[in-house]
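The following exercises concern the secondary structure, the burial and the strand pairing of one protein chain. Each task is followed by a solution in steps.

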Amino acid sequence: MWLFISFDLPSTTPEYRKIYRLFVKELKNNGFLQLHESFFYRLCFSPDNARNIKGNIMKVCPEKGRLFIGCVPSNLSGGLMSVYNQESQKFFDETSPVSLF
């Protein structure tokens with residue numbers, strides 16, 4: 001199971017920037033890898049593990065801003081699409097197992 005976290009936190013004051021840095025540090029301490037500036041992902045080996053990680057993140061979630069936590073099961077097959085020049089193409093063969101990263 002893959003956990004994805006995307007967030008939009010205020011960074012207009014030094015205090016908000018400090019909160020942002022602490023939140024990012026906590027994500028990295030919980031095993032998340034940074035894919036983009038405010039987009040992180042992590043592999044969880046069981047639904048219980050994912051639930052515990054989500055609980056840890058919710059404990060340190062800043063009061064202001066937006067936070068999105070998404071889960072994608074590892075056995076996702078044939079559901080990912082990529083769009084090039086207005087045409088859809090399948091990303092993976094439906095019969096093969098999927099590895100996201």
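**Exercise 1.** Determine how the span of helix H2 compares with the expected value, and which of its residues are buried.

*Solution.* Step 1. Helix H2 comprises residues 47-59, that is, 13 residues; helices (H or I, at least four residues) and strands (E, at least two) are DSSP runs, numbered from the N terminus. From its first C-alpha to its last, H2 reaches 19 Å, close to the 18 Å expected at 1.5 Å a residue; the expected span is 1.5 Å times one less than the number of residues.

Step 2. The buried residues of H2 are Ala 50, Ile 53 and Ile 57. They lie on the same side of H2 because they cover an arc of only 65° around the axis, the arc being that of the directions from the helix axis to the C-beta atoms. Buried means under 20% relative accessible area, exposed over 50%, and partly exposed in between (1.4 Å probe, protein chains only).

Step 3. Exposed residues Arg 51, Asn 52 and Lys 59 are carried by the face of H2 turned away from its buried side.

Step 4. The cover over the buried residues of H2 includes strand S1 (2-8), helix H1 (14-29), strand S3 (39-43) and strand S4 (66-72).

The model is predicted: local features need pLDDT of at least 70, side-chain atom pairs count only at pLDDT 80 or more, and totals for chains, interfaces and linings use all residues. Residues are numbered from 1 along each chain as its sequence is written, and side-chain values use heavy atoms, with hydrogens and water left out.

**Exercise 2.** Characterise the protein chain by its element pattern, burial and contacts.

*Solution.* Step 1. The protein chain contains two helices and six strands, and along the sequence they follow the pattern β-α-β-β-α-β-β-β.

Step 2. Of its 101 residues, 23% count as buried.

Step 3. Among the contacts (heavy atoms within 4.5 Å) with a separation of 6 or more, 58% are between residues 24 or more positions apart.

**Exercise 3.** State the strand order of the open sheet and identify the strands at its edges.

*Solution.* Step 1. Four strands form the open sheet in the order S2-S3-S1-S4, with antiparallel pairing; two strands pair if DSSP finds at least two bridges between them.

Step 2. Strand S2 (33-36) and S4 stand at the edges; each has a single partner strand, so one side of each is left without a neighbour in the sheet.

Step 3. On average, neighbouring strands of this sheet are turned by 25° against each other, direction ignored.

Step 4. S2 and S3 pair over three bridges and form a hairpin with two residues between them. In S3, Tyr 41 is the bridge partner of Leu 33, and Phe 40 is that of Gln 34.

**Exercise 4.** Establish how S1 is paired and whether S1 is largely enclosed or not, and describe how the helices pack on the sheet.

*Solution.* Step 1. S1 pairs in the antiparallel sense with S3 over five bridges and with S4 over seven bridges. Phe 4 has Tyr 41 in S3 as its bridge partner, while Asp 8 stands opposite Arg 66 in S4.

Step 2. Five of the seven residues of S1 are buried, so S1 is largely enclosed by the rest of the structure.

Step 3. H1 packs on the sheet and touches S1, S2, S3 and S4; its direction makes about 175° with that of S1. H2 also packs on the sheet, touching S1, S3 and S4, and its direction makes about 175° with that of S4. Axes are lines fitted to C-alpha atoms, for helices over the stretch in contact, and angles run from 0 to 180 degrees between N-to-C directions.
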